[in-house]
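Colleague: I am new to this structure and would like a close look at a single part of it. Please start from one side-chain contact and work outwards from there.

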Amino acid sequence: MNKKTKSSMMTTLLLCFTLLLSACSGNAMNTTNNGETKAATNQAAEVQSTTKIVSTVKGDVEIPVDPKRVVTDTYPGFLLTLGIKPVGTQELYMKSPYLKDYNEGITYFEDSLEAVVDLKPDLIITGDEKKYEAFSKIAPTVLIPFTLEMDETLEEFSRIFDKEEDVKAWLDDYHQRVAKAKQTVQNIISKDQTVTILAGGAKNDITLYGNGYTGRSFYDGLGLTPPLKVINDMDPEKPWLQLSPELLTEYAGDYIFVAVDKATETYDYKSEPVWKTLDAVQNDQIFEIDGWSFWFSDPISILGQIEEVTEMIVQQVKKNKR
């Protein structure tokens with residue numbers, strides 16, 4: 001009886017010991033598997049965090065979180081505003097005199113896709129929808145429509161590069177400086193006085209500008225008032241008109257700014273048959289600006305244009321008082 005009992009107890013203990021070993025082994029395997037799964041998940045998260053998805057007019061695009069080699073065709077001034085120097089861009093958009101201090105270290109390309117490939121970009125920003133497909137085969141590409149206003153374009157850049165705070169700081173400073181310039185100018189040119197923006201000088205072909213292109217810094221930036229006929233006749237989608245000199249009297253404001261090639265051109269408007277009849281000419285309230293400088297529409301250039309015009313008006317007032 002005792003022998004059977006002892007034998008039974010031994011068998012039971014052996015069975016329990018076997019089950020215990022199995023359980024420990026299983027836990028060890030689970031611990032190992034869980035550890036491997038967590039490690040794999042963390043590793044995948046690290047890889048995934050180097051890119052992000054941005055929503056664009058061309059749909060969602062996966063781009064680097066921290067791109068090192070950015071290429072743009074039309075937007076170098078916007079990148080520079082954010083403190084980002086592109087490795088390559090089109091030379092035309094860097095010819096603004098307000099960007100002259102930023103040129104070093106930038107490679108220029110025109111319409112050569114091979115040149116873009118050679119730059120080895122990890123992100124391309126374009127304003128040209130026709131080039132989007134070709135660029136997107138080289139590197140992740142974001143299209144920002146070239147028709148957006150400056151603030152809207154900056155907001156797009158802030159979203160792409162996670163620079164919301166930088167853009168806000170820049171715009172705060174920009175609006176303060178513009179407000180100061182606007183107040184200075186409006187102390188001289190009152191709201192009931194009108195301003196006309198022209199290009200071409202005393203030539204047969206004269207261009208009249210509305211609130212766009214060369215006119216943007218005057219009307220949108222400084223808040224100056226165009227003549228009513230300019231407002232009525234100007235198409236917002238095409239804010240410029242070609243005029244013959246004979247029509248100048250219909251569009252001439254109390255002040256006139258004429259865009260010319262200041263390196264080679266200047267005109268004596270008081271000796272020109274039609275021009276000399278204009279009040280702005282007779283009252284010495286006509287100014288020549290450099291048309292090339294005022295062609296550019298990046299943030300740095302626009303701020304430079306606004307402050308240059310403000311200084312020009314202040315100096316003219318001082319001159320007229322002598």
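Which residue lies over the face of W240, and at what distance from the ring centre?

Modeller: The residue is K238, which lies over the face of W240 at 4.5 Å from the ring centre. This is a predicted model, and everything below is computed from it.

The sheet comes next. Strand β10 spans residues 240–243, and it belongs to an open sheet of five strands in the order β10-β9-β8-β11-β12, with mixed pairing. Strands β10 and β12 (286–290) stand at the edges with a single partner strand each, so one side of each has no neighbour in the sheet. On average, neighbouring strands here are turned by 30° against each other, direction ignored. The partner of β10 is β9, residues 206–209, and the two pair in the antiparallel sense over four bridges. Within this pairing, T207 stands opposite Q242 in β10.

Further along the sheet, helix α11 (residues 299–321) lies across β11 (255–260) and β12, running at about 145° to β12.

Strand β11 also takes part in an aromatic contact. The structure holds 16 aromatic pairs. One of them is formed by F157 and F161, with ring centres 6.3 Å apart and planes at 5°; planes under 30 degrees apart count as stacked, so this pair is stacked. Both residues sit in helix α5 (residues 150–161), and because they are four residues apart there, about one helical turn separates them. F157 is buried, with a relative accessible area of 0%, and F161 is buried too, at 10%.

The pair that involves β11 is F218 with F257: their ring centres are 4.7 Å apart and their planes are at 45°, so the pair is tilted. F218 lies in helix α7 (residues 216–221) and F257 in strand β11, so the contact ties together parts that are 39 residues apart in sequence. F218 is buried, with a relative accessible area of 0%, and the value for F257 is also 0%, which makes F257 buried.

F157 and F161 belong to a wider group as well. Ring pairs link them with Y75, F78, Y93, F146, W292, W295 and F296 into a cluster.

Another set of paired strands is centred on β6. Strand β6, residues 123–126, pairs in the parallel sense with β3 (residues 70–72) over three bridges. Three bridges also join β6 to β7 (residues 141–143), and these two run parallel. I124 appears in both pairings: V71 stands opposite I124, and I124 stands opposite T141 in β7. In a regular strand the side chains alternate between the two faces of the sheet. In β6, L123 and I125 lie on one side and I124 and T126 on the other; all four are buried, so both faces of the strand are covered.

For the setting of these parts, the protein chain has eleven helices and twelve strands. Of its 322 residues, 41% count as buried. The chain exposes about 18300 Å², with carbon and sulfur atoms supplying 52% of that area. Among contacts with a separation of 6 or more, 61% are between residues 24 or more positions apart.

To return to the starting point, K238 lies over the ring face of W240, and β10 is one of the edge strands of the five-stranded sheet.

Definitions and conventions. Residues numbered from 1 in each chain as written. Predicted model: local features only at pLDDT ≥ 70, side-chain atom pairs only at ≥ 80, totals over all residues. Heavy atoms only, no water. Buried < 20%, exposed > 50% of the residue type's maximum accessible area, 1.4 Å probe, protein only. Contact = heavy atoms within 4.5 Å. Areas by Shrake-Rupley, 256 points an atom, 1.4 Å probe, with all protein chains shown as cover. Pairing = 2+ DSSP bridges. Axes fitted to C-alpha atoms, helices over the stretch in contact; angles between N-to-C directions. Phe/Tyr/Trp six-rings, centres within 6.5 Å; stacked < 30°, edge-to-face > 60°. Lys NZ or Arg CZ within 6 Å of the ring centre and 35° of its normal.
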